[in-house]
Each structure stands twice: as C-alpha cells, then as structure tokens.
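Reader: Please take me closely through one part of this structure, a single sheet and what lies against it, and then add a few remarks on individual residues elsewhere.

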Amino acid sequence: MATAAKTSALAQTHYLPAEDVHYKWDVDNDPTLTIGSGDTVVVWTRDISDNQVSPDADASVLTNFDWDRAYPLTGPIAIAGAEPGDTLAVEVVDIHTQGWGWTGVLPGFGLLPEDFPDAYLKVFDLTRGDVAYFRDDIAIPLEPYFGTMGVCPAGAHAQAVVPPGAFGGNMDIRQLVRGSTLYLPVQVAEALFSCGDAHAAQGDGEMCGTAIESPMFATLRFTLEKDRPIPAPQFSTPAPLTPRVNSAPFYGTTGVGNDLYRAAQDAVRAMIDHLGHRYELRPEEAYLLTSLAVDLKISEIVDGGQYIVSALLPEAIFST
C-alpha cells in the first residue's frame, strides 16, 4: 500500500534560478538542490532555444539553430529518500511567463516538415493581458505550463531530452497548468527531477514543433509517495478542460486512413486549408496557428484498421 513520505512540519521553500542548466538526461548530473517531501521550489527556466531566439530576432536564427543548446533544463532537484518503486507527485502551484515568447518552423522539425521546409518565426508580446495576439483579430488564451517535466531515466548517460519516456520528460501535455499535479515513477535514487521547455500556449499535438516558447517561472510542490509504483506518468488537471474557448463553436477537420500519423498529418493539412480560405491566413501562419490553438483528437481507432484523427479549432479565438 502506498504511503506519503513523512514531511516536515515546517516544509521549506527553495529558490532555483536558471543559471545552472543541463541539456541531457544523465544519472551523473549533480543535483543543484536537495529537498524533502512536502517542500516547495520556485524555479526559473530558459526558453527552448537557450536564448538563441530573442524578442528582436528574425527567421535566420532558426535556419542556423544550434541544437546542442536546445532544451536547457533547470535542475536536477534531488528529493531525499526517493528510490525506484516510489512515485513523485509534482503540484503546479503557480506559473507565469517572463513577458515574451516565440513560435517558429524549424527546418526538418514538426508534423509537416516536407510541406514547410523553410524557417519561419513569429515573436509574441505576452504583456497584453491574458492572451497572445496572433493577429489583431486572433487572440490565443495564455495557459502556461512546462512542456518538459521528468525524473532522470534509469541508466541514462547523455540521453537526449526530446523523446519522452516512462520517466516523463518532453511530454508536451498542455493540461499540466496551474492547479494540476503530475505523478512520475521514480527510476533512480533521489529522483533527480528537472523541468523546462515552457509554453505560454499550445494545442494538443504541437503541430509545427513549437508552441509559444517562453522563459518562465513557477512554484512547484513535491510530495514523495513511497512504495507506489506506476508504469508511466499520470496527472490530474482542473476542470473544465477548455474553459477559455467554450463560448463559441469548434470547427473540425479529419484525416482518415490506416496510419495514425498520416491521418494526423492529413487532418492538419485540411485545417491549414480551412484557415487560409476562411480567415485569409498564409500557409505558414496557419501552420503556426494549428500548433498554438488546434487540438488533435483520436476520434476512431477500433473499426477495421481505419483510423480517424480530428483537428478541432476553437472559433472563440477569432474576433467577430
């Protein structure tokens, strides 16, 4: 039976600036901080580019992108007493952007790399309330979260951040917003938790490969659940799932076929066409908008090997 680790009556708050970061999962990464179960950590994170992109950058920075500097993670944070077979609960108490962000097409990256081979960059001012203006008549709700949160994988040595795994990592689960709790299966002694790759807004699927990438700061509370093995990350998130865009209809496009990935591609291609026809967006702009506001859903997976993926566009983001 799982039990919560004993917590101090005086749980502590720690502060972890984004000064010392790491770029790979590795069991030999030295902890930047050791905490106890029940403690809270205020973390600062850099954007995915590690400051290669700035508010005044142009698309050339993505053409010459240095992938060795991508995905800087703040941490690792060691949790005293954590060991394999335990679960680490990470509560997102609060989270905020640092005032700006960017979305772009990185050549060779994303769901449709053949359709969009050239670099494209859009920078956002995130100080204009609780929305990001994609265009004067298109306002995307800001719902910040960490795209990457994870414990160190067992046996990891210079393991890339990009692929997620049973340890968590680069999951891009946009429901991990303020008020949510992520549960991670501990794989190494002291867990060695890290986070980064923060997004100010994203649709389910992150189609162009980037969300609104933003430097971020957040307050996280850690609770160790002893002897509770779970096979992969689990989470709870506040309801309802889409409160900011439920005031208007949704428009859906679909992809149909015997390959889920290709069906997703086809659904997004159809949505890009719809955005161009209905809202006069250029293909590159429409591709970016799908990544920020459109949700991919598996609508059908059980009938005769023909799958349906739907792309759902919340029409509430458009001014009437």
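Author: What follows treats the sheet, then the helix beside it, and then two residues outside it. The model is a predicted one, and the sheet in question is open, with three strands in the order β20-β22-β21 and antiparallel pairing. Because β20 (250–257) and β21 (295–300) stand at the edges with a single partner strand each, one side of each is left without a neighbour in the sheet. Direction ignored, neighbouring strands of this sheet are turned by 30° against each other on average.

The pairing of β21 with β22 (residues 307–314) is antiparallel and runs over five bridges, and within these two strands isoleucine 298 stands opposite valine 309 of β22. Helix α2 (residues 260–279) packs on the sheet and touches β20, β21 and β22, while its direction makes about 30° with that of β22.

Elsewhere, methionine 171 lies in the loop between β15 (168–170) and β16 (181–185), and because its relative accessible area is 18%, under the 20% limit, methionine 171 counts as buried. Beyond its neighbours within four places in sequence, methionine 171 is in contact with Gly147, Met149, Pro164, Leu176, Leu182 and Pro233; its C-alpha is also 6.0 Å from that of threonine 148, although the two are 23 residues apart in sequence.

Phenylalanine 217, by contrast, belongs to strand β18 (residues 216–226) and, at 30% relative accessibility, counts as partly exposed. Together with Tyr15 and Trp44, Phe217 makes a nonpolar surface patch of about 310 Å².

Key. Residues numbered from 1 in each chain as written. Predicted model: local features only at pLDDT ≥ 70, side-chain atom pairs only at ≥ 80, totals over all residues. Heavy atoms only, no water. Pairing = 2+ DSSP bridges. Helix = DSSP H or I, 4+ residues; strand = E, 2+ residues; numbered from the N terminus. Axes fitted to C-alpha atoms, helices over the stretch in contact; angles between N-to-C directions. Contact = heavy atoms within 4.5 Å. Patch = residues over 30% accessible without salt bridge, like charges linked within 9 Å, V, L, I, M, F, W, Y side chains within 5 Å. Areas by Shrake-Rupley, 256 points an atom, 1.4 Å probe, with all protein chains shown as cover. Salt bridge = Lys/Arg side-chain N within 4 Å of Asp/Glu carboxyl O. Buried < 20%, exposed > 50% of the residue type's maximum accessible area, 1.4 Å probe, protein only.
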